[in-house]
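This report is a first look at one protein chain. It goes from a single helix to the whole chain, then to a pocket and a few single residues.

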Amino acid sequence: MKKTYLLFHNLLLLTVLVSFMVSCGSTKESLAISSDEEQAFKQVQGDTITISSDKTEYEIIIIEPGFNVWLSSIAKPEGYYSQSFLENRNYIMVLEWNNRVLQPSRFDPNLYELQINYSSQIDYGYEVNYKLYNYFIYFQRKYNQRLGPFVPRI
């Protein structure tokens with residue numbers, strides 16, 4: 001009887017352990033980068049994107065080789081996401097970005113150079129939020145970074 005109990009206990013423990021390992025492995029999703037996206041990442045000629053809105057006085061300037069190509073050929077089109085979705089995700093990613101800017105000994109200061117002044121209390125408009133969100137996705141995929149709890153998917 002004791003042998004049967006021990007065998008059952010060991011099998012149960014092994015099953016729990018294997019289940020735990022499988023579930024842990026599935027949370028570490030690797031990002032599949034397409035050949036088109038890889039080509040955008042390899043761009044060396046500088047792109048300058050100005051993110052602004054006619055309705056607001058806010059502007060972001062992004063100088064990042066390949067981002068313009070990526071935005072026009074890889075990113076989901078404008079209108080795919082709601083403005084509230086973009087605002088919520090941008091708020092989370094801006095917080096993490098700014099946190100990393102303030103810790104240059106921990107995070108690469110060549111990647112995180114300047115803070116982003118973004119407030120959830122201000123309506124920046126759809127275009128500003130769309131382009132900022134997509135820059136964060138581009139940045140995370142290109143430099144293998146994570147600016148929040150979400151996998152940066154396209």
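How far apart are the end C-alpha atoms of helix α4, and what span should its 19 residues have? The model is a predicted one. Helix α4 covers residues 83–101, and at 1.5 Å a residue it should span 27 Å. The end C-alpha atoms of α4 are 26 Å apart, which agrees with that expected span.

**Helix α4**

The buried residues of α4 are Leu 86, Asn 90, Met 93, Val 94, Trp 97, Asn 98, Arg 100 and Val 101. They take up an arc of only 140° around the axis, so they lie on the same side of α4. An α-helix has 3.6 residues a turn, so residues three or four places apart point the same way. The cover over the buried residues of α4 includes α5, residues 126–143.

Asn 90 is a residue of helix α4. Its relative accessibility is 0%, and residues under 20% count as buried, so Asn 90 is buried. Apart from neighbours within four places in sequence, Asn 90 is in contact with Tyr 118, Asn 129, Leu 132, Tyr 133 and Phe 136.

**The chain as a whole**

The protein chain contains 5 helices and 2 strands. Read from the N terminus, the order of its elements is α-α-β-β-α-α-α. The chain has 154 residues, and 32% of them are buried. Of the contacts between residues at least 6 apart in sequence, 65% join residues at least 24 apart.

**The largest pocket**

Rolling a probe the size of a water molecule over the atoms shows where empty space is left. The largest pocket holds about 510 Å³ of space. Its lining has 22 residues, and those closest to the centre are Ile 60, Ile 61, Ile 62, Trp 97 and Ile 116. Trp 97 is also one of the buried residues of α4. Strand β2 (59–63) and helix α5 each give at least two residues to the lining of the largest pocket. Sorted by class, that lining has 16 nonpolar, 3 polar and 3 charged residues.

**Residues outside the helices and strands**

Where in the chain are Lys 42, Pro 77 and Asn 144? The table gives the place of each one together with its relative accessible area.

| Residue | Place | Relative accessible area |
|---|---|---|
| Lys 42 | loop between α2 (35–41) and β1 (48–52) | 53% |
| Pro 77 | loop between α3 (67–73) and α4 | 53% |
| Asn 144 | segment after α5 | 65% |

Exposed means a relative accessible area over 50%, so Lys 42 counts as exposed at 53%. Pro 77, at 53%, is exposed too. Asn 144 is likewise exposed, at 65%.

Which residue is separated from Lys 42 by 8.0 Å, C-alpha atom to C-alpha atom? That residue is Pro 65, which is 23 residues apart from Lys 42 along the chain. For Pro 77, the C-alpha to C-alpha distance to Tyr 130 is 9.2 Å, while the two are 53 residues apart in sequence.

Most residues other than glycine have a negative phi. Asn 144 has a phi near 55°, which is a positive value in a residue other than glycine.

Definitions and conventions. Residues numbered from 1 in each chain as written. Predicted model: local features only at pLDDT ≥ 70, side-chain atom pairs only at ≥ 80, totals over all residues. Heavy atoms only, no water. Helix = DSSP H or I, 4+ residues; strand = E, 2+ residues; numbered from the N terminus. Expected span 1.5 Å × (residues − 1). Buried < 20%, exposed > 50% of the residue type's maximum accessible area, 1.4 Å probe, protein only. Arc of directions from axis to C-beta. Contact = heavy atoms within 4.5 Å. 1 Å grid on protein atoms, 1.4 Å probe; cavity = no way out; pocket = protein on both sides within 12 Å on 5 of 7 lines; lining within 4 Å. Points joined across faces, edges and corners; volume = space filled by probe spheres on them. Nonpolar A, V, L, I, M, F, W, Y, C, P; charged D, E, K, R; others polar.
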